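Colleague: Before we go through this model, please show me the sequence and the coordinates. I will ask short questions about the parts I want to check.

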Amino acid sequence: MTVLKIAFRDLVNSRGFTALFLFNLFLGICGFVTLHSFRDNVNSLLDQRSKQLLSADVAVSGRRTLTKEETQGINDYLKDKAVEVMDSIEVYSMSKSKDKRSRLVQIKAVEKSFPFYGEVKLEKDTSDMEGLQKKSHIWVEPQLMAQMKLELGDPLSLGDKTFKVMGVIENDTSTSLRGIGLAPKVYVGLSNLKETNLISFGSVSTNVKLVKLLPEWEKKAEQVKLELGKILKDPGLRIRLPKDASEQVGRILNYLSDYLGLVGLVALFLSGIGSGYLFQNFLFEKLEDIGILKSLGMSLGQISMIYFLQLGVLSLASVLGANVFVWSILPLIGDALSTWTGMSGELKLGWETVYLSYLVAFGASLFICAPILLKMVGRKIQNLFQGGQFFRWEFEKRDLLLYAPLALFMWGLAVAQAHSFKIGTFFTLVLFIVVIIVSLGFPVLFSFMDKRWLTKKNLTRPLSLSWGLAARYFSRDRLSSTLTICALAIGVMLLSLIGQLETSLREELEQDVGRKPDLFLFDIQEYQKDGLVALAQEEGFSLRSPSPMVRSRILKINGEKFKRSEKEDEAFSTREEETSRRFRNRGINLSFADGPNESETIIEGRPFSGRYEDESKPAELSIERRYARRLGLEIGDTVTFEILGIEVQGVVVNLRRVRWTSFLPNFFIVFQPGAIDDAPKTYLAAVDSLTEEQRYAVQDKIVDKYSNVSIVSVTEIVSKIMNIFKAMAQALTIMAGLCLSIGFFTLYAITQNQLKKKRFEAAIQKVFGFSPGQLLKTLLAEYFILATLACVIGLGFSVVLGQVVSIIFFDGVGRPDWMFMLKIGVGVYAVTFLIAIASGRSFYSLKIKSLLS
Amino acid sequence: MILEVDKVVKGYTQASKKLDVLDGLDLQIERPKSIAILGKSGSGKSTFLSLLGGLDRPDEGKIVVNGQNITAMKESELAKYRAENIGIVFQQFHLMKTFTALENVMLPLEILKKENPREKAMKALEQVGLADRANHFPHQLSGGECQRVAVARAIAPEPKIILADEPSGNLDTETGESVMNMIFELCQRRESVLILVTHDTDLARSCDQIYELSSKKLKAI
C-alpha cells in the first residue's frame, strides 16, 4: 500500500515529468495503434467479404483446362457435399469498338448462377445474369466505357465475336483493389466465350470451378480443400477457400502495413529514447528520496516496484490516449480504405489492439527504463544522498546485458511487424548500427575534440566565442547531445530514405525511356508469329525479342517429387514463406533461346554449349537467380518438367540476373535451343517506343488483324506502378513524419529538462558580461551544431541505405535526390531553431538575480 | 571617486504588496579599500550587492562607478560594465558545471576578448593555489576548491570592484578563513575595492570599514 501511495503521490507531484513522458509515449504508440487498427479492420472487412471475393465456398483454379479425370474426381467427391458446381473462365484479351479503338480487358466468363455469394450490380439495373447468358451481351466497368467512348448498346468485339454493351458495372463484390488490375473487367456469359475463339492453346487464361457447399459442409471447407488436394495432385492447380481469397487481396495491403509497421516501430523506439532520458532525469531528482527510503528500511524490490508501477500507469494512460485518438480518426482511415479498396464498413477499435498496444508500450518503457533504474537504485545510500548533481554514468561492459532484453524485444517486434525474418532482422540491425555508431562514436568524437581542440583553444576572436562555447556545451553534455542527435538523425533518415526510394523507383522505371518498349504483346499463336513480323515491317514498327513460351509444370527436382506446399494454414508465416509457397504452387512458363537477351546477364555458371543434340543427356537450363533461390536450385541440379504429358529433363548450367523493369519478354527458366522447340507454344513480343498516337494506331492494327493477341501498354503500367508506389510512399511519409516529430519532441523534452541548467549558465555568463544577443547566438550555435550533425548522419545514412536497396532490388545504383534532401535539411534547421528560440526566450530577458535563484 | 551610491531605493512586490528593502541608501568610496556590510537575514544586503553589480536596477536613486551612471545604462552597456569593472564571488560558487576550472576562470577573459586568456587564467589559478587542478571539472573539486576557482574567476580580469556575497558561508571555518584571507590579499595586491556582504562580525572586522544595513539604510560602524 505504501508503495502504491508513494508511486501515485510522486507522479502527481512531478507534473512536468508526467506530462512530457505521457505525451512522448503517446506519440510513439500512436503509430502502432493506428497501424494495428488499420490491419485489424482490413482483415475483419476482408473476412466479412471473403466469400463474396471468392464468390463461392471453394474454388479450384488452374491455367489450363482440367482433364476429364480431374473433373470426374471433383464431381465424384463433391456429389454429396455440394449444392452446385459451376465453371468460370478468366482471360485477358483485346477489345475492339466499332470505330476500331482497342483496349486490353480482363474477360470474366460466368454462368447464370454466378456469384454464389455477393453481387454484380449494374448501373440502372439494365440487365441480369440470365440476360448475360442468353444473348450476346456483355457488361463492362465504367473506366472502359470512358476509355473507348462507349455508350450503352454499343457493339464491342472480343476475339472473333461482337457483343453489345448492355450493362455498366456499378458494384462487383468479387473485385477487390480498385485501379490496381492490369485491365478493366468485362463480364460475358460462359457459353458465349467459346465463339470468341480466345481460348486457344497457350492463352493466358484461368479456368475456375466454383463450388457452393451444402450447409453442413460449409463448416468443413478445410477438410474439403484437403481432400480435393489429394485428388488434384498437380501443384499448378490451386484450391482456395474464402479466407485464401481475402488473404490474396489483403497481401498488398499487408505488405504496405508491414513496412508502415516498421516505421511505426522506429517511432516507438525514438519515443523510448525520449522516455528513457526523461525517466533518467526524473530519477536524478529522486535519488535523495531513494536514499531516504533505503535508509528507512525499504527493500530494493519495493523501491523498484514504485517506479515500475509508475511506468505501468504512465504506459496505460498514454496507450488509452493513443487509442482514443485513433478511434477519433477511424472515419479518416475508413475513407482511405474505401478509396483504395472499395471496401466499406464500420471500422472498430478492437480490444486486441488496446491490450497489444499496452503490452508494447509498457514493454518498451520497461526495457528502456529498467536498466537506468537498476543502476541508480543499486547505489550506496551515501552516494544517493549526494543527489543527481554529481551522478555520472559510467558505462560498463556488463551494462550491455541490461539492454539485451530491449534488443530482443525490438527484434521480436520488428519480425512480427514486418512478417519477415529477413526484413525484421535487417531493420533491427540497421537501427542498432545507427544507435551504436551515434552512442559510442559520438562520445569518443566529442572526447577527442575536447582533448585536441576545445580545452586548448582560446575563444577570444569575436566569432569564435559563441561558437566555441556552444561546441563546449555540446561536447560536454554528451548524453543529451547523443540522444538528440540520435532521435533527430533517425527521423531525418527515414523521411529522406522514403524520398530516395521513390526517386530510385521512378528512375528505374523511367530509365532508357527511348529504349523501353511501349507495347507488350502476349498470346501470339505460333502460326501468327511470321504474320506479325511481316505486319511490323509493313507498318514500320519494330517488333523486339519475339520469344516462345511453353507451358509446363515441374515434376521433380534432383529426382525428388515436387509437391504442393502443405503448410498453407499456419497461423503465422513470414512473407518469405508465403512467397515461396506461391512460387511452388504455380505452373511455370518456359522458353528457349541461344543465350541471354539485352536485359539479362549470366552471374554464375556458363553460357549454353550450343544446340541440344545428345538426347541421352538432360538439356541445359538457365534460371533466374531469385527464382533459383526460392526453389533451392544450384548449378548442376536437375529439374524434370512435364510439357503436355511429356517429361523433359534439364540441368542448371547458369543463373541469370534479369532486369525486369526493361519490360522485354523474360522468363524464369530458359532451355538451350533444340530441346523443347517442337513443343506447342505461343509467343511474347515487345514493340519499340512510339508516340502516344502511334501506340494506339499500332495497337489497333494488330488487334484488327489478330484479335486474340493481347497487348499491354507499358507506359500505362509504369504510370500505374508509380501511382501505387506514390500512394504507399504517402502513407510511409506520414509515418516517417511522425518519427521526425517524435525526434523534435525528444529535442524539446530534453531542452525543457535542461532549461534549469541553461538558465543558470546564462545567468553566470550574464554576470561576466554576456549580452542577451550573445546568449542567443551561443544557443543558436549549439542548436546549429545539433541540426547539422543530425542532418549529416540522417541524410548520409539515407543515401547509403537507398543505394543498398537500389542494388538489391534494382541491380543498379540510384541517384540521390539532393533537392529533396535540401528541403528536409532546411525544415530540420527551421524547427530546431524554433525550439531553441522558444525555449531560450524565457531566460534571455530575465534578470540575472531571478536566474541565479 | 570609485563608487558613489546616491539615495537608492529598491523594493519588491509580493502578493500585490510592495515591500521596500532599501530606502534612500547612500555610500561613497574614494580609494581602494575593503568594506564589510553587516546585516540580518532579509535586511537587503544581497539586494544592495546585486544593484552594485548591475545585476538588478534600483527603483530610484543612482549608482555611479568610475564616473559612469550604471542606473542609466542599457542592458548591453550593463553587460560591458560588469565585464570590465566587477568581479563577483557568490556564496554558492556558481561555477559552470560543464567547464573545467581553467575554462571557468577563462570565461570572463574570453568575454572581454583579453589577450592570452589561458595564460592569465592559469596565473589566477596559481594565485589561488589550484594550478594543478586546472583541468578538473567542478564535480571533481571540493567546496573550498570550487570557491577558490570562483575567486580566481572574479580576480582574473582585474576588476576595480570585487563583490563577495557570504563567500565563506558554505565552507567550514578553516577553509572559509583561508579563502577569505586569500581574497583580502589579492584585493590588496591588485588595489581593488572589496565589498563583502556577511553576517559574520569577526570576518567584518578584517575589513577597512564596516557598515550595517538596518532599517533599509547603511550606517557606518
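Colleague: At what angle does helix H1 (residues 45-52) of chain B run to E2(B)?
Modeller: This is a predicted model, where local features need pLDDT of at least 70 and side-chain atom pairs count only at pLDDT 80 or more, while totals for chains, interfaces and linings use all residues. Residues are numbered from 1 along each chain as its sequence is written, with chains lettered from A and ligands numbered from 1 in the order in which they are written. Helices (H or I, at least four residues) and strands (E, at least two) are DSSP runs numbered from the N terminus, and angles run from 0 to 180 degrees between N-to-C directions of axes fitted to C-alpha atoms, for helices over the stretch in contact. H1(B) lies across E1, E2 and strand E4 (60-65) of chain B, and its angle to E2(B) is about 60 degrees.

Colleague: In the open sheet of four strands in chain B, which strands stand at the edges?
Modeller: The order is E2-E1-E4-E5, with antiparallel pairing. Each edge strand has a single partner strand, so one side of each is left without a neighbour in the sheet; the two are strand E2 (17-29) and strand E5 (68-69) of chain B.

Colleague: How many bridges join strand E1 (residues 3-14) of chain B to E2(B)?
Modeller: Two strands pair if DSSP finds at least two bridges between them. B:Leu3 stands opposite B:Ile29 in E2(B). E1(B) and E2(B) run antiparallel, and the number of bridges is 10.

Colleague: Which residue in the loop between E9 and E10 of chain B has a positive phi of about 70 degrees although it is not a glycine?
Modeller: Strand E9 (residues 209-214) and strand E10 (residues 217-220) of chain B pair in the antiparallel sense over four bridges, with B:Glu212 opposite B:Lys219. Two residues lie between the strands of this hairpin, and B:Ser215 takes a positive phi near 50 degrees. The value of about 70 degrees belongs to B:Lys216.

Colleague: Is B:Phe93 buried or exposed?
Modeller: B:Phe93 sits in the loop between strand E6 (86-89) and H3 of chain B, and its phi is positive, near 70 degrees. The rule is 20 or more other C-beta atoms within 10 Å for buried, 12 or fewer for exposed and in between for partly exposed, with C-beta atoms placed from the backbone. B:Phe93 has 22 such neighbours and is therefore buried.

Colleague: Which element gives the largest share of the side of chain B that touches chain A?
Modeller: Contact means C-beta atoms, placed from the backbone, within 7 Å, and 26 residues of chain B are in contact with 23 residues of chain A. Helix H2 (75-85), helix H3 (101-111) and helix H4 (117-127) of chain B each give two or more residues. The largest share, six residues, comes from H2(B).

Colleague: How is H13(A) oriented to H14(A)?
Modeller: The axes of helix H13 (residues 399-418) and helix H14 (residues 421-452) of chain A come within 7 Å and cross at roughly 140 degrees. Under 35 degrees counts as roughly parallel, over 145 as roughly antiparallel, 65 to 115 as roughly perpendicular and the rest as oblique. H13(A) is therefore, relative to H14(A), oblique.

Colleague: Which residue does a cis peptide bond join to A:Phe114?
Modeller: Omega is about -10 degrees at this bond. The partner lies in the loop between strand E3 (102-110) and strand E4 (120-122) of chain A, and is A:Pro115.

Technical notes:
Contact = placed C-beta atoms within 7 Å.
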